[in-house]
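Visitor: I have a structure to look at and some words I do not yet trust. Could you go through them with me?

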Amino acid sequence: MAEDIGTIMVEGIRAGDEIQSEFILADIRLGQTKNGHAFVGLKLKDRTGSIEARVWDRAEAFGRAFKNGDVAWIRGQAESYQNLVQVKVTEARTVLVETIDWTRFLPCSPCDPEDMAAELARMIEAMSDPHLKGLMRDLLADETLMASLKKAPAAKRFHHAYLGGLMEHTVSVARAALAAADLYPFLNRDLLLAGAIWHDVGKTREFYGGPLNDYTDEGRLLGHLVIGVAILDEKLARRPDFPPEAALLLRHLIVSHHGEYELGSPKKPKILEALALHQMDDLDAKMNGLGDYIRRHADESGWTDYNRLMERYFYRPTGWSSASGPLDEDGPEGPVGIPDTSAVSAEPEPPREALSSAPESAAPAGPEQQAEPFSDSKVSPSITPAQPRRSTRSETADCPEPRRNQLSLLGD
Ligand SMILES: [Fe+2]
Ligand SMILES: [Fe+2]
């Protein structure tokens, strides 16, 4: 047996294994044998990959009880069928959503969320302005919000699209904001830092989380900029002495951080701190998203296919720059995974992050038009080893390369 019963992951399943474990159900379809016997075909998924399965007994009842995206406890037997391993499901039980450990199913930030939260707290404690400092302390004291911030992805796809990605992105933008404030001392350091930490807080209510990571109704109808301002106003309501101008400027930083109308900001940045925040946010999204893109799409020549969103090919230098981290062959923790997008919702998403700077129609004419932007759709499913989460104890939360979307349930 490859692993202990109850903890087996998809990547560890071998023919002959007895399976008793939780999986996400995907691609459920009802079929019929030549003899007229009904069966259910489906895929069992976790963060390490997916595997075909069949339900031969009480297939119709199974089809009525479960739908794509459900998490179920499965008992079964792994068998070899036409040189592929397939699971014969003998028992399936629903799993209460509250009891699900999503880290089993979804890719995670390699950074410890508690370390990242502690770094945010240190940044806030170093603030000078008593009003902004108090307001940001209120944010940290909101346990429900902080729990979501630690868990939520930063986006549905393209950048930091994994559990803990929102906290990772927030800390990264906050670090960049402090660096910008050091470089340009005429900036209001506390306002910029507050905006950096608050800019995507609305995403805690924009996404459901869970296997399909879809948008909430509030996310679809309002978006995280408006939700972020609403959360800010909830906190400000309990601080009647908060300077009105500081509140106004902080709201401006939140609503303008996407930079352009077509990217979802109702106002363009109109103070330097807002301009700096927009640049830091855009930079961090691109470093993460494009780093992942180049790593996954560059071939032996070092070149990627054409990226229509950015309107260029990207190149991964080989040789002397191999120590540059994000462009390493495999990242610091070994091979990265290739996403399997088969369980992903096909529903279009609302206007997304600043990374979406060019509509697809903006791609130039010619053969390059055939190429895919940031799309995961061209890659093949594969199963890759999981990487352990790291915990760091350094002064700053040390984030190694994110574990890439081994199972792209968050993406697309
Ligand atoms: Fe945003
Ligand atoms: Fe952001």
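Visitor: What is the bridge partner of Leu-25 in β2?

Guide: The partner is Leu-44. Keep in mind that this is a predicted model.

Visitor: What makes β1 and β2 a pair of strands?

Guide: Two strands pair if there are at least two bridges between them. Strand β1 (residues 18-32) is joined to β2 (residues 38-46) by 7 bridges, and the two run antiparallel. They therefore count as paired.

Visitor: How many bridges join β1 to β4?

Guide: There are 7 of them, and β1 and β4 (residues 71-81) run antiparallel. One bridge links Ile-19 to Gly-76 in β4.

Visitor: And which residue of β5 is the bridge partner of Arg-75?

Guide: Glu-91 is that partner. Strands β4 and β5 (residues 84-94) run antiparallel, with 10 bridges between them.

Visitor: In what order do the strands of the closed barrel run?

Guide: The order is β1-β2-β3-β5-β4, a closed barrel of 5 strands with mixed pairing. From one strand to the next, the twist averages 50°. The protein as a whole has 10 helices and 5 strands.

Visitor: Why is Asn-83 called exposed?

Guide: A residue is exposed if 12 or fewer other C-beta atoms lie within 10 Å of its own. Asn-83 has 6, so it is exposed. This residue sits in the loop between β4 and β5.

Visitor: What is there to say about the phi of Asn-83?

Guide: Phi is positive there, about 65°, although Asn-83 is not a glycine. Most residues other than glycine have a negative phi. In the hairpin of β4 and β5, with 2 residues between the strands, Gln-82 also takes a positive phi, near 50°.

Visitor: Where is Glu-311 found, and what is its phi?

Guide: Glu-311 is in the segment after α10. Its phi is near 55°, again a positive value in a residue other than glycine.

Visitor: Why does Glu-311 count as partly exposed?

Guide: Partly exposed is the range between the two cut-offs, 12 or fewer for exposed and 20 or more for buried. Glu-311 has 14 C-beta neighbours inside 10 Å, so it falls in between.

Visitor: How do you know that Thr-304 is buried?

Guide: Thr-304 has 21 other C-beta atoms within 10 Å, and the cut-off is 20 or more, so it is buried. Thr-304 lies in the segment after α10 (272-297).

Visitor: Which residues is Thr-304 in contact with, leaving aside its neighbours within four places in sequence?

Guide: They are Tyr-293, Ile-294, His-297, Ala-298, Tyr-313 and Phe-314. Phe-314 is 10 residues from Thr-304 in sequence, with the C-alpha atoms 5.3 Å apart in space.

Visitor: What share of the protein is buried?

Guide: Buried residues make up 42% of the 412 residues. In helix α4 (residues 143-151), the buried residues are Leu-149, Lys-150 and Lys-151. These buried residues of α4 pack against α2 (113-125) and α5 (165-183).

Visitor: Why are α6 and α10 called oblique to each other?

Guide: Angles under 35 degrees count as roughly parallel, and 65 to 115 as roughly perpendicular. Helix α6 (residues 189-198) packs with α10 at an angle of about 40°. That angle fits neither range, so the two helices are oblique. Their axes are 10 Å apart, and the crossing is right-handed.

Visitor: Which residues make the contact of α6 with α10?

Guide: From α6 come Leu-191, Leu-192, Gly-195 and Ala-196, and from α10 come Glu-273, Ala-276, Leu-277 and Met-280. By class, there are 6 nonpolar, 1 polar and 1 charged residues.

Visitor: Why are α5 and α10 also oblique?

Guide: Their angle is about 130°, with the axes 9 Å apart. Roughly perpendicular covers 65 to 115 degrees, and roughly antiparallel begins over 145. The angle lies outside both ranges, so α5 and α10 are oblique. This crossing is right-handed.

Visitor: How do the residues of the contact of α5 with α10 divide by class?

Guide: They divide into 8 nonpolar, 2 polar and 2 charged. Among them are Val-173 and Ala-176 of α5, and Leu-283 and Asp-284 of α10.

Terms used:
Residues numbered from 1 in each chain as written. Chains lettered and ligands numbered in written order. Predicted model: local features only at pLDDT ≥ 70, side-chain atom pairs only at ≥ 80, totals over all residues. Helix = DSSP H or I, 4+ residues; strand = E, 2+ residues; numbered from the N terminus. Contact = placed C-beta atoms within 7 Å. Axes fitted to C-alpha atoms, helices over the stretch in contact; angles between N-to-C directions. Left-handed = near helix turned anticlockwise from the far one by under 90°. Nonpolar A, V, L, I, M, F, W, Y, C, P; charged D, E, K, R; others polar.
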